[in-house]
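Me: I would like to go through the terms used for this structure and see what each one rests on.

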Amino acid sequence: MEERTPTIVRANSIVSQARTRPGASSALEPEAFALTGETISATGTLTELRERFPTAEVLDFGDSTIIPGLNDAHIHLAMTAGDALHLDLSHAAVGDVPTLLDTIAAEVGTTSAGEWVKGSRYDDEKTGIVLRDELDRIAPEVPVIVNHVAGHWGVLNSAGLRFLGIDESSPDPDGGRYDRYSDGRLNGKLIERALMNVLMPATARGDRFIPGDTVEDLQLGAARTIAKWNAAGLTSICDALISPQDIGILSALRADDALGLRIGMLLSIDHYDKAAELGVGSGFGDDRLKLIGVKAFLDGAIGGRTCLLSEPFTDPNYQGVQTTSTDELRANVERVHTDGNRIGVHANGDAAIRLVLDAFDDVAARIPRPGLRHRIEHCSLIDDDILKRMNRLGAIAVPFAGYPGYHGSALNSWYGEARTERMFAHRSFLDAGVTVAGSSDYPCGPYQPLFGLQSLVTRTGVDDGVTVGASQKVTAAEALSIFTLGSAEASGEESYKGRLAPGYLADFTVLGDNPVTIDPHGIADIDVRATYVGGSEVYRG
C-alpha cells in the first residue's frame, strides 16, 4: 500500500498540551507538527520536520495560534437542530417583552391552521416575564410554546394547553408541575417533567405531544448547527440527550460525509431498553459518531431555578424539583452499571448530587466494574464531602463553564454570594483531583467555547461586570485543558484526543491570538480563523 505523504502545519505559536519529558520546561512548545491522514505523526521545529519529510506540503498559519480542537462535553445538537428551524427568542435577539411578543405575533400571522408556533432560548431574567395571558392576546387560536433558555420549563398559551388536554383540573405529573397565577388559574408554565413529557422525544412519557419537525428538516437544522459550531472552534461534542430518531438523523449526516464534528452521544434512559436488547452500549460506533453512555435526570435547572438544594433558594418563589424518584434513580444506575455502560446523571443541586453519589457508591461496592467511570452532568453546587466522594469513586464532573459570564449577578441573587463560591467549582475539582470537563449546555448557555474559557478564568458577568464565585477562577491554561483534555476524559477518549502530539487525532483550532497569554477578558473576542477535524478543514474564516 502506498505510504501517505504528511502535511506539516506551523503557526506563530502552538499550544500542544503535550506531556513533557522529566525535567523539561512545560513552556517548551513545538514550532510545527506533521499530520498523516487523521493523526499527528510528529512534532518539532519546522527545520526538523522539513528534513524528516522533504516532500511534505507546509500549511503555514502565519501569526496565528493553534490549539487542540475545542471539545464541549455537554451540549445539545439534536435539540438545537429543531430550535434552528423556529423562532430565536433569546435576549440577544428580542431584547424586551414587547419585541418578543411582536416576533411571535408575526409568526402567528403566517402560520397555517393546526400548526404550532415555537420559540426557544427565552430568558425571563434578562427579557422580562411572559405568561399565558400575554400569549393569548397575540395568539388566541394558534398554539404557541415559548421554551425557557434553561430548557426545564416553557410557557404555553391557552390554545396550546387545549391541544395537550391540560386544563384547570389536570393533576401535576410526577416530577413536574403546572404552574399557576396567584388566583389559582394555570399561567401556562410547564415545569420539568410537565414540559419534558410533551416536548422532548428523548424523555417524553405520555400520549399527547407537541408535533415535531420532519426528519429531513431536522437533518438540515443539524447541518446548519454543526457549521455554526465549527466556526466557533469546536471539533468535538457530546450530545447529552439522544433518542433513536436523533441517532438516525446524525447517522444519515455521517453517511453523507457531512458530519464536521466528532460526536459522542448520551442515550436517554427512557430508550435504554431497546439499546440493551440490541447489545448497543458505551463505545458503539466510530471516532466520528458513537454512543458514550446513557443519560438520566434527577433534578431541575440552575437558570430555571428548579434544582434540588439542601438549603432553600434566597427567593422563596423558587422551588427545587426532584424529577426522578430516588428508587428509580438507583434502579437506573444499577442496570446501566451492571451492563458495563457509563451513565451520566443530571444533578445540579447539592442534595441531588448526594443522591447520585449514594447510588454510585452502592453499585461500586456490590458490583465492581474496574475502570468504569460515571458522570455527573452539571454537578453545580458542591462541598468538601462531595469532592472527596467523587475523587474516591472516579466520578467525572461536567459543570457549566459559561454561566458566570452569561448570568452574572443574577446567580448571586438566586443563590447568595456565599453559595456561588461553591458553584461551577472548576477550581475545587482540579484541586481535589476530580476530572472536570468543559460544557456549555447550549441552548441553555452560550455555545461559543471561547466564551466558556473566558468565564472560567474571569468568573465575571459580561453584561454587568459582576464577579460570581471568585474563588473558583482557574488559569487560562487550565481552562483550555478543561475544554480539551477534560472533555476527552469525560468520554473515555483521553488517550488520543485533546493534545497536539504524535498518536493523537489531528483536530485543531486556529485562532487570531493566544488564549493562554492575552488579557483573559478578551478571550471570547478572539477570532477563529480555521477549524480542522482529522486534518481536514471544516471551517475557514
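Me: Why is C238 called buried or exposed?

Reply: Buried means under 20% relative accessible area, exposed over 50%, and partly exposed in between, with a 1.4 Å probe and protein chains only. C238 has 3% relative accessibility, so C238 counts as buried. This is a predicted model, in which local features need pLDDT of at least 70, side-chain atom pairs count only at pLDDT 80 or more, and totals for chains, interfaces and linings use all residues. Residues are numbered from 1 along each chain as its sequence is written, and side-chain values use heavy atoms, with hydrogens and water left out.

Me: How do you know whether C238 forms a disulfide with C444?

Reply: A disulfide is a pair of cysteine sulfur atoms within 2.5 Å. The cysteine sulfur closest to that of C238 belongs to C444 and is 14 Å away, which is too far for a bond. For C444, the closest cysteine sulfur is in C307, at 13 Å, again too far. The structure holds zero disulfides.

Me: What makes C444 buried or exposed?

Reply: The relative accessibility of C444 is 4%, so C444 counts as buried.

Me: Why is V94 called buried or exposed, and which residues does V94 touch?

Reply: V94 has a relative accessible area of 6%, so V94 is buried. Leaving out residues up to four places away in sequence, V94 touches D88, L89, T99, L100, T103 and T127, where contact means heavy atoms within 4.5 Å. V94 lies in helix 3 (residues 91–94); helices (H or I, at least four residues) and strands (E, at least two) are DSSP runs, numbered from the N terminus.

Me: What makes strand 8 and strand 12 edge strands?

Reply: Strands pair if DSSP finds at least two bridges between them. The open sheet has six strands in the order 8-9-10-11-13-12, with mixed pairing. Strand 8 (87–88) and strand 12 (176–180) each pair on one side only. Strand 8 is joined to strand 9 (residues 117–122) by two bridges, and these strands run parallel. The bridge partner of L87 in strand 9 is G119.

Me: Which residues lie nearest the centre of the largest cavity, and what makes a cavity?

Reply: On a 1 Å grid over the protein atoms alone, a cavity is a set of points where a 1.4 Å probe fits but cannot get out, and lining residues have an atom within 4 Å of a point. Among the 15 residues that line the largest cavity, H76, M79, G151, H152 and F297 lie nearest its centre.

Methods: On a 1 Å grid over the protein atoms alone, a cavity is a set of points where a 1.4 Å probe fits but cannot get out, and a pocket is an open set with protein on both sides within 12 Å along at least five of seven lines; lining residues have an atom within 4 Å of a point.
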